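Work through the exercises below with the sequence and coordinates at hand. Each task is followed by a worked solution.

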Amino acid sequence: RLHRSRVVNHAATGDHDVGIPSAARTSSSCRVTAFEDKVVLRAVQRAAFLTGLSLQHAEAVQVVHYEPGQEYRAHYDWFSPNDARFHEKTAERG
């Protein structure tokens, strides 16, 4: 299930949350829910216990694999305050 890792670039995708390949991120990745894998389930249960949150708050876990020479270069995740949908994009998670 691993596939080329992607990044979200609203300028390149017409403001849609669609991942695109990037030279800055050359790894492979996939998402695994707690209900697909018992190891992931135990890790998510532990995180839920430590944070005092229920398992239902958990998102899928991102698994990332790097071959020698692959990387994820430093970057900044941000939305421009001038973007028409700035408040919508930041309302839930800041």
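**Exercise 1. Overall make-up**

How many helices and how many strands are there in the protein?

Solution. The model is predicted. Going through it gives 2 helices and 5 strands. Next, put these elements in order: starting at the N terminus, they run β-β-β-β-α-β-α. Then turn to burial: of the 94 residues in the protein, 18% are buried. For the surface, the accessible area comes to about 7500 Å², and carbon and sulfur atoms hold 55% of that area. Last, take the contacts with a separation of 6 or more: 53% of them are between residues 24 or more positions apart.

**Exercise 2. Two serines and a shared partner**

Locate serine 27 and serine 29, classify each by accessibility, and identify the side chain with which each makes a polar contact.

Solution. Step one is location. Serine 27 lies in the loop between strand E3 (19–20) and E4, while serine 29 is in strand E4 itself, residues 28–32.

Step two is accessibility, with under 20% relative accessible area as the cut-off for buried. Serine 27 has 0% relative accessibility and therefore counts as buried. Serine 29, at 5%, counts as buried too.

Step three is the polar contacts. The side chain of serine 27 pairs with the side chain of serine 5 at 2.7 Å. The side chain of serine 29 also pairs with that of serine 5, at 3.0 Å.

Step four is the wider surroundings, leaving out residues up to four places away in sequence. Serine 27 touches His3, Arg4, Ser5, Val64, His65, Tyr66, Gln70 and Glu71. For serine 29 the list is Arg1, Leu2, His3, Ser5, Gln62, Val63 and Val64.

**Exercise 3. Salt bridges**

Find the salt bridges, and state for each residue involved whether it is buried, partly exposed or exposed.

Solution. The search returns 2 salt bridges. In one, the side chains of glutamate 36 and arginine 1 meet at 2.4 Å, N to O. This pair links distant parts of the chain, 35 residues apart: glutamate 36 sits in the loop between E4 and helix H1 (38–51), and arginine 1 in the segment before strand E1 (3–4). Glutamate 36 has a relative accessible area of 44%, so it is partly exposed. Arginine 1 reaches 63% and therefore counts as exposed.

In the other, arginine 73 is bridged to glutamate 71, with the closest N and O atoms 3.0 Å apart. Arginine 73 is partly exposed because its relative accessible area is 42%. Glutamate 71, at 34%, is also partly exposed.

**Exercise 4. The nonpolar core and a surface patch**

Which residues form the largest nonpolar core, and which make a nonpolar surface patch of about 240 Å²?

Solution. Begin with the core. The largest one has 5 residues, namely Cys30, Val32, Ala34, Val40 and Val44. E4 and H1 are the elements that give two or more residues to this core. Then examine one member: apart from its neighbours within four places in sequence, valine 40 is in contact with Val32, Thr33, Ala34 and Val61.

Move on to the surface. The patch of about 240 Å² is made by Val64, Tyr66 and Tyr72. Of these, tyrosine 72 is found in the loop between strand E5 (61–65) and helix H2 (86–91). Its relative accessibility is 35%, so tyrosine 72 counts as partly exposed.

**Exercise 5. Two loop residues**

Place serine 54 and tryptophan 78 in the chain, and give a C-alpha distance for each.

Solution. Serine 54 is in the loop between H1 and E5. With a relative accessible area of 32%, serine 54 is partly exposed. Its side chain is joined to that of histidine 57 by a polar contact of 3.0 Å. From serine 54 to valine 44 the C-alpha distance is 9.7 Å, with their positions 10 residues apart in sequence.

Tryptophan 78 belongs to the loop between E5 and H2. At 62% relative accessibility, tryptophan 78 counts as exposed. The C-alpha atoms of tryptophan 78 and threonine 90 are separated by 9.6 Å, and the two residues are 12 residues apart along the chain.

Note on methods: Residues are numbered from 1 along each chain as its sequence is written. This is a predicted model: local features need pLDDT of at least 70, side-chain atom pairs count only at pLDDT 80 or more; totals for chains, interfaces and linings use all residues. Side-chain values use heavy atoms; hydrogens and water are left out. Helices (H or I, at least four residues) and strands (E, at least two) are DSSP runs, numbered from the N terminus. Buried means under 20% relative accessible area, exposed over 50%, partly exposed in between (1.4 Å probe, protein chains only). Contact means heavy atoms within 4.5 Å. Accessible areas come from the Shrake-Rupley method with a 1.4 Å probe; for residues, only the protein chains shown count as cover. Patches are made of residues with over 30% relative accessible area and no salt bridge: like charges are joined within 9 Å, nonpolar side chains (Val, Leu, Ile, Met, Phe, Trp, Tyr) within 5 Å. A salt bridge is a side-chain nitrogen of Lys or Arg within 4 Å of a carboxyl oxygen of Asp or Glu. A polar contact is a pair of N or O atoms within 3.5 Å; within protein, one must be able to donate a hydrogen and the other to accept it, and residues adjacent in sequence count only if both atoms are side-chain atoms. A nonpolar core is a set of buried Ala, Val, Leu, Ile, Met, Phe, Trp, Tyr and Cys residues joined through side-chain atoms within 4.5 Å.
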